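Student: I have a model open and want to learn how to read its empty spaces and its strands. Where do we start?

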Amino acid sequence: MGEETPVHERSALSSTASEQVSTEQQHASVETVLEDAEVKAVAPSAEGNDAEEISQQVQPVMTSVEVQLEATPTDVEPQIAVPVPGVIYRKRSDGMPQFMYDAVARIAPEQGFTPGQFEITFESGSGKGDGFVAEMFRATITEGDRKLVVLCKIPPINDAHRHQFGLMPLFDREVMAYSKLLPAMYEFQREKGVTEEMDIGFFNAPQCYLAYADLPKEESVIIMDDLRLKEYRMWNKLVPTNYEHARLLMIQLGRLHAVSFAMREQRPEVFEQFKVPDPLNAMMRTNEGFIMMMNMSLDRAIGTLESHEEKARQKLLKLKETMFDDISTITSAEYAEPYAVLGHGDCWINNMIYSYKRGVPTEIVLLDWQLCRYASPALDLLYFIFVCTDEAFRRQHYDEMLRIYYNSLGQLLEKLGGDPSRQFPFTALLRQLKACGKFGILMALLIVPMVCVPDMNEATDSEEKYKTRMAAIIRDLIRYGYL
């Protein structure tokens with residue numbers, strides 16, 4: 001949902017409904033493309049949030065819009081937004097939000113730039129305001145020969161897009177992740193003697209310079225490292241993930257979840273803030289567009305089955321009746337206890353980025369924490385394995401992936417003073433996978449159309465790819481006893 005996915009995504013949910021329902025509108029992993037349109041700003045002062053002076057010397061435009069107000073603090077479960085008229089969303093004359101300029105000007109002195117002496121240059125996507133879930137802008141701060149490049153992730157600039165799905169709780173959650181949850185995890189590990197240099201703990205999120213959200217104003221900005229400048233690259237989401245890339249993720253997911261198990265027992269008072277509910281459930285249940293999209297996507301998935309696969313067809317028809325109740329149950333902490341952890345929540349290939357040595361991936365960073373939730377550790381595994389790999393990979397490596405994940409979890413948990421055989425035995429993982437197995441198909445309904453039919457102009461060839469991949473997911477979930 002940020003640098004994480006710097007592309008437009010479109011999902012052809014069916015041949016007759018593709019123009020009515022767009023994955024850009026429905027799925028929380030869609031951003032705008034970073035291109036080479038530049039907007040320059042000069043920061044004359046770094047005191048507080050002094051606004052930059054646009055080089056064109058034009059005063060900001062004040063735009064009055066009707067917004068959906070969220071009055072929920074970052075450590076309280078977000079509620080569904082309700083329209084409140086008369087709120088001002090302040091934009092610059094170029095249509096860019098004022099608060100993004102203010103935020104970059106704020107971090108510049110913290111990074112050693114001289115107040116009044118630095119310049120800020122922005123690059124934006126070609127379709128300004130086209131992002132439905134988030135938009136990304138690259139900011140370059142310069143002073144003399146010194147330069148710092150950062151990424152700014154903000155809500156959609158387009159007012160209609162920003163209001164359509166009540167997205168601000170997702171930004172609130174990600175701000176909480178960067179400002180509270182991840183720092184608490186890092187600090188705990190260091191206290192236990194596990195540091196970044198040792199490469200045995202979880203420190204695999206982007207460096208964050210600032211994370212800010214003001215829900216009543218519908219403002220949020222997360223300023224982070226641009227890892228592409230450090231030669232990190234994303235896997236092509238159109239291609240099923242291979243062994244080495246999947247292996248690195250399993251290792252880091254094991255470490256991420258291990259920190260939760262250690263902290264909930266050894267730092268229970270600190271860990272209370274980790275018990276954050278799923279941020280999408282209430283939004284999904286009340287959004288007619290999302291409900292329609294999920295039902296259409298499930299109908300399309302049923303259509304991938306052969307005529308003799310009546311048992312599988314009946315399972316999916318039954319799932320259609322309970323789908324939203326299933327999502328609510330499976331993503332709840334109560335359903336997973338005593339094994340609930342803070343999970344990434346949106347664990348598909350577009351939300352991770354890799355560094356390489358001689359063409360081999362050696363490091364992975366997990367991006368986009370908008371959907372992080374306190375729930376079963378199985379959810380991250382089910383999401384990634386069934387959405388981002390293919391049938392051949394699962395048949396050859398599924399059991400191995402589980403072992404790599406569990407061994408990684410166990411090694412770090414022991415290093416942090418825990419006991420994996422008591423706190424999360426392997427048999428408990430297997431039970432969690434079976435109890436939450438439907439999550440694999442539910443996430444596949446969202447993502448697989450997008451990665452198989454990215455362009456309606458190529459829908460004919462892509463449709464066969466979609467049928468093959470979705471049918472294999474259904475059959476594998478049934479074969480494992482998950483569906």
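Tutor: With terms. On a 1 Å grid over the protein atoms alone, a cavity is a set of points where a 1.4 Å probe fits but cannot get out; a pocket is an open set with protein on both sides within 12 Å along at least five of seven lines; lining residues have an atom within 4 Å of a point. Points join across faces, edges and corners, and a volume is the space filled by probe spheres set on them. This is a predicted model, where local features need pLDDT of at least 70 and side-chain atom pairs 80 or more, while totals for chains, interfaces and linings use all residues. Residues are numbered from 1 along each chain, and side-chain values use heavy atoms, without hydrogens and water.

Student: How many cavities of 30 Å³ or more are there?

Tutor: There are 3. The second largest holds about 50 Å³, and its lining includes His344, Arg373 and Asp380.

Student: And the largest pocket, what is its volume?

Tutor: About 500 Å³. Glu196, Phe203, Asn204, Ala205 and Val365 are the closest to its centre, out of 23 lining residues.

Student: Why is strand β5 called largely enclosed?

Tutor: Strands (E, at least two residues) are DSSP runs, numbered from the N terminus. Buried means under 20% relative accessible area. In β5 (residues 119-124), 5 of the 6 residues are buried, so the rest of the structure largely encloses this strand.

Student: Which way does β5 pair with β6?

Tutor: Pairing takes at least two DSSP bridges. Here the two strands run antiparallel over 5 bridges, with Ile120 partnered by Ile141 of β6.

How values were computed: Buried means under 20% relative accessible area, exposed over 50%, partly exposed in between (1.4 Å probe, protein chains only). Helices (H or I, at least four residues) and strands (E, at least two) are DSSP runs, numbered from the N terminus.
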